[in-house]
Amino acid sequence: MKNYRSIYEKCLRCKIPDGFVIHHIDFNRENNEISNLIAIPEQLHKDYHKIITQIREQFGIDDNHIKFTTKINDVTMYEAQMLYEYCNIIFEIQKWRSEKLRIMHKIFNEDLYGNSIKSSQE
Ligand SMILES: [Zn+2]
């Protein structure tokens, strides 16, 4: 069931671009609230889930938080590389989150500060 794809398209009033998939931000595939859905490129999505699995195995996850068992002054090259990749992926995902917000603000005729676009054009 890919119901969340149609929810996303309906709310954003556009087609999900080719090569994009819907990611559940809170990792709960039952939560199909529009705030929990984001369209991101398929490869980025694969990379994200892969790095999350690696982070989970290397550092551990506690209540959805990364559990840093590594000493701040004793990070291995392997761990540093992993964290570097993680940050790059998060940076890319945040760009797509901004893009989604931009589309939604446009739909509701608001700029990014919540001001009506219509009233500002006198
Ligand atoms: Zn996902």
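## Starting with one residue

Which strand does I22 lie in? I22 belongs to strand β1, which covers residues 20–24. Keep in mind as you explore that this is a predicted model.

What does I22 touch, if we leave out residues up to four places away in sequence? The list is Y4, R5, Y8, I16, L37 and A39. I22 counts as partly exposed because 19 other C-beta atoms lie within 10 Å, while a buried residue needs 20 or more. You can also look across to N36: this residue is 14 residues from I22 along the chain, and their C-alpha atoms are separated by 9.7 Å.

## The whole chain

Now step back and look at the full fold. The protein chain has four helices and four strands. Following the sequence from start to end, you meet them in the pattern α-β-β-α-β-β-α-α.

The chain has 122 residues, and 4% of them are buried. Take the contacts with a separation of 6 or more: 41% of these join residues 24 or more positions apart.

## The nonpolar core

Which residues form the largest nonpolar core? There are five of them: Y8, L37, I38, A39 and I40. Four residues of this core come from strand β2 (residues 37–41), which gives the most to it.

A39 is a good member of the core to follow. Setting aside neighbours within four places in sequence, A39 has contacts with Y8, I16, F20, I22 and W96. I22, our starting residue, is one of these partners, and Y8 is a partner of I22 as well.

## Two helices that pack together

Next, find helix α2 (residues 42–59) and helix α3 (residues 77–107). They pack at an angle of about 140°, and their axes are 10 Å apart. Their crossing is left-handed. On the α2 side, the residues that meet α3 are L44, D47, Y48, I51, Q54, I55 and Q58. On the α3 side, the residues are E79, M82, E85, Y86, I89, E92 and I93. Sorted by class, this contact holds eight nonpolar, two polar and four charged residues.

How far does each helix reach? With 18 residues, α2 spans 26 Å from its first C-alpha to its last, close to the 26 Å expected at 1.5 Å a residue. With 31 residues, α3 spans 45 Å between its first and last C-alpha, close to the 45 Å expected at 1.5 Å a residue. After α2 comes G60, which has a positive phi near 90°. N109, which follows α3, also has a positive phi, near 55°.

## Two loop residues to notice

Most residues other than glycine have a negative phi. With that in mind, look at F27, in the loop between β1 and β2. F27 is not a glycine, yet its phi is positive, near 65°. Is F27 buried or exposed? F27 is exposed, because it has 11 other C-beta atoms within 10 Å and the exposed class takes in residues with 12 or fewer.

D63 is another residue to visit, in the loop between β3 (61–62) and β4 (65–66). D63 has a positive phi of about 55°, although it is not a glycine. With 5 C-beta neighbours inside 10 Å, D63 counts as exposed too.

Definitions and conventions: Residues are numbered from 1 along each chain as its sequence is written. This is a predicted model: local features need pLDDT of at least 70, side-chain atom pairs count only at pLDDT 80 or more; totals for chains, interfaces and linings use all residues. Axes are lines fitted to C-alpha atoms, for helices over the stretch in contact, and angles run from 0 to 180 degrees between N-to-C directions. A crossing is left-handed if the near helix is turned anticlockwise from the far one by less than a right angle, and right-handed if clockwise. Two residues are in contact if their C-beta atoms, placed from the backbone, lie within 7 Å. Ala, Val, Leu, Ile, Met, Phe, Trp, Tyr, Cys and Pro count as nonpolar, Asp, Glu, Lys and Arg as charged, and the others, Gly among them, as polar. A nonpolar core is a set of buried Ala, Val, Leu, Ile, Met, Phe, Trp, Tyr and Cys residues joined through C-beta atoms within 7 Å. The expected span of a helix is 1.5 Å times one less than its number of residues.
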